[in-house]
Amino acid sequence: MPEFIGQLPISEPAWNPIASIQSFQRYDKGINFDCGNNSLLILSILANNLIRVRFSPTGELTPRRSWNVNLPDEQWNAVNFDIQETDEQIIIETEKIKVCVQRNPCQIKCFDKAGNPFAHDTDLGIASRKDEIANWKEINPQEKFYGFGERSGLLNQRGKILTNWTTDSLDYTMLTDEMYQAIPFFMSLRPNVGYGLFFNTTFWSQFDIGASETNTLQLKTKDSQLDYYIIYGPEPAAILETYTQLTGRMPLPPRWALGYHQCRWSYNSEAEVRELVKQFRDRKIPCDVVHLDIDYMQGFRVFTWNKQRFPSPKMLVEDLSQQGIKVVNIIDPGVKFDPEANYQVCDEGLAKDYFIRRENGKVFHGYVWPDRAVFPDFMRPEVREWWGNLQRNLTNVGVAGIWNDMNEPALNNQPFGDLEGVKITFPMNGSSGSGEDKTTWKETHNLYGMNMARASFEGLQKLRPAKRSFVLTRSGFAGVQSYSAVWTGDNHSKWEYLEMSLPMLCNLGLSGVAFVGADIGGFAGNATPELFARWMQMGMLYPLMRGHSMIGTKPHEPWEFGQEVEDICRKYVELRYQLLAYFYTLFWQAASKGEPILRPLIYHYPNDEKTYEIYDQVLIGDSIMAAPIYRPGVENRMVYLPEGTWYNWWNRNQIQGSQHILIDAPLEKMPLFIKAGAIIPLVSAMQYAEELPVNEMRLLVAPGKGEFTLYEDDGNTFAYRDGASCTTEYRVDLEGNQVVVEIEERKGKLAPSERKVIVEVIGKAEQEFMDDGKTRRLVFE
Ligand code: GLC
């Protein structure tokens, strides 16, 4: 074997490379390789396009943890695979991919059926050293990298070092590495080749994507074994479908959660909240949700109400619900340490021993909003259940959702240092979890926020069994989509943050987290009227559309910036509501297949290299493309139109694709385009999602070939799980100069309320019909 030459500075301990394969043995789901010195390599073939690679230098594998997000190997249906042996390698082949395991030195190399290589180990292969294990892979010159959860900067992450360690990353910039979310998953694309890689470790981990060495990818973790999945696409949609099969998909949210949310730190009293809602309704700006930030609590004690400011929360929530407004309350993990004050949450948690302890056994104290606080160990199921039930204090008065914050966890005044080189919050050697899952925070730090969200989600399901609830979290790990929506934390009222929000949300979507948003208007600082108008335009595209601003800033409600901006806000919030049926169908696609709602162009055009670096244009579903303005004083911009024909949303003009164009974008206009073949359901704007029955729906059709399946259910209960939903398939095609729209018979048990459907084919006379769910063929001359 060649002498190993490390990649890192000489002061770092040397890596011990994996040796050569001594022997191997097939089992039902894969192959075990004996790699000498007791080390073990396991390759599991879980689907035609999914393999799991595990390597343990000692031959021992950590038992599965109760909180692991990966679907267990046993639950994948067996797939056929062939094994061939040569002197140099062992070749494993499925219907979709070929994996070659070189014997000496041991290296793993994947190929698609056309022979295109991907995810090839470099000469360094796999290696371990004290407390760390790593794998090196080749990067193809054309290869670009996306996903990685919540990331600052632009879309493609090649050239960066990205750490997976949940951190309160307030004031993040283009250069920030550790973020609130840690999702060790990425998607690699080059024309015709695409694969995903899920690094299955909850410990601190890191990707070096050609930063240290241009054409080398390094995966590194402080785990004792290497465990990762390779997911072959090649299309991004195929990668995400398998990735979300592995780590979970988002449940369908209530439809009202797709409407506009208004938030501020804080709306300080019942009177202020009532006035806020009155303003929305008087000014006819649609709104569905008001969020209550930390000041609704009594001295920042979670699960309490401040009796002076919110003396009758039940009446408030009821009155707001009459006006179509739902209330969502913030909850932080830090419980005020208040043993003398009869504070139930603290007393009960202490009595039941639910709070985190230091290594020396003392209850751990950290400092957050309520000053000295103690922290529930969400890794323990009984703690999650207790916490979930505490939400009763909020759901009892009608609160419909919980906003989980500060759960990286974020702490003030904490010393750093248990784990060298890593910024920590909880005592790293303190005990986490219970029973067989007992471990230290080195293993579970990244899971804290997600398990708080899980406690919240599961608790709400019990407390509000008949209705869907809304859960929002700041921190999370791979799989967070199963429990919660995510927002991107504390941004600033600055143009740079408006710009960065799009690629950040797109990369989250490419990491399986579809229900995402950034604070519209910017959280810290004061937005200018122009910035606010542009932000509301872009915010209309965010799957989670929430305006939020920090304490001490000027008011940031849509009417605070003058009439012109107020009118622009109304127009774009209304547009969001007109598109609600379309958005709801996209949420269903996310819930059933793991598709993102907000999509970068590469998602649908992965073979068009011109799309690879486009971070400032997005697709909503596959039919609507937006090219927002994110710079001051800009009134026109360049837009890349991928192949095909496109239509300008505003004037319906036809434009040929495969070219760059310059488009006008005065302040009131965000450039929007419709793809030829698009079928977009539009409903009338409402003041809130459930205000009116939909008795008229407009189908906007862009001439071309295409299809769209509309999904509908009651938007509020779980009846859809018992079949109370329906889908309607629409198709459009060209026949000479005619445009033909075909409607398939409606499928499913739900019959939507009686409605008129108006079909607007661009450039043709409208046609309409009463929707009886029957097959139809409409010809437009
Ligand atoms: C954190 C949150 C922010 C919230 C504030 C007060 O900074 O990120 O959204 O308003 O805490 O609760």
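## Ligand shell and two loop residues

A polar side-chain atom of Arg474 lies 2.8 Å from an oxygen atom of the ligand. This is a predicted model, in which local features need pLDDT of at least 70 and side-chain atom pairs count only at pLDDT 80 or more, while totals for chains, interfaces and linings use all residues. Residues are numbered from 1 along each chain as its sequence is written, and side-chain values use heavy atoms, with hydrogens and water left out.

The table lists polar contacts of the ligand (pairs of N or O atoms within 3.5 Å).

| Side chain | Distance to a ligand oxygen atom |
|---|---|
| Asp405 | 3.0 Å |
| Arg474 | 2.8 Å |
| Asp490 | 2.5 Å |

Taken alone the ligand exposes 310 Å², of which the protein buries 98% (Shrake-Rupley method, 1.4 Å probe). The residues that surround the ligand, each with a heavy atom within 4 Å of it, include Trp265, Ile330, Phe523 and His548, and this shell divides into seven nonpolar, one polar and four charged residues.

Away from the ligand description, Met174 lies in the loop between β14 (161-164) and β15 (181-182), where strands are DSSP runs of E with at least two residues and helices are runs of H or I with at least four. Met174 is partly exposed at a relative accessible area of 44%, because that class lies between buried, under 20%, and exposed, over 50%. Pro543, in the loop between α10 (529-539) and β34 (545-547), counts as buried at 0% relative accessibility. The C-alpha atoms of Pro543 and Ala518 are separated by 9.5 Å, with the two residues 25 apart along the chain.

Note on methods:
Buried < 20%, exposed > 50% of the residue type's maximum accessible area, 1.4 Å probe, protein only. Polar contact = N/O pair within 3.5 Å; in protein donor to acceptor, adjacent residues only side chain to side chain. Nonpolar A, V, L, I, M, F, W, Y, C, P; charged D, E, K, R; others polar.
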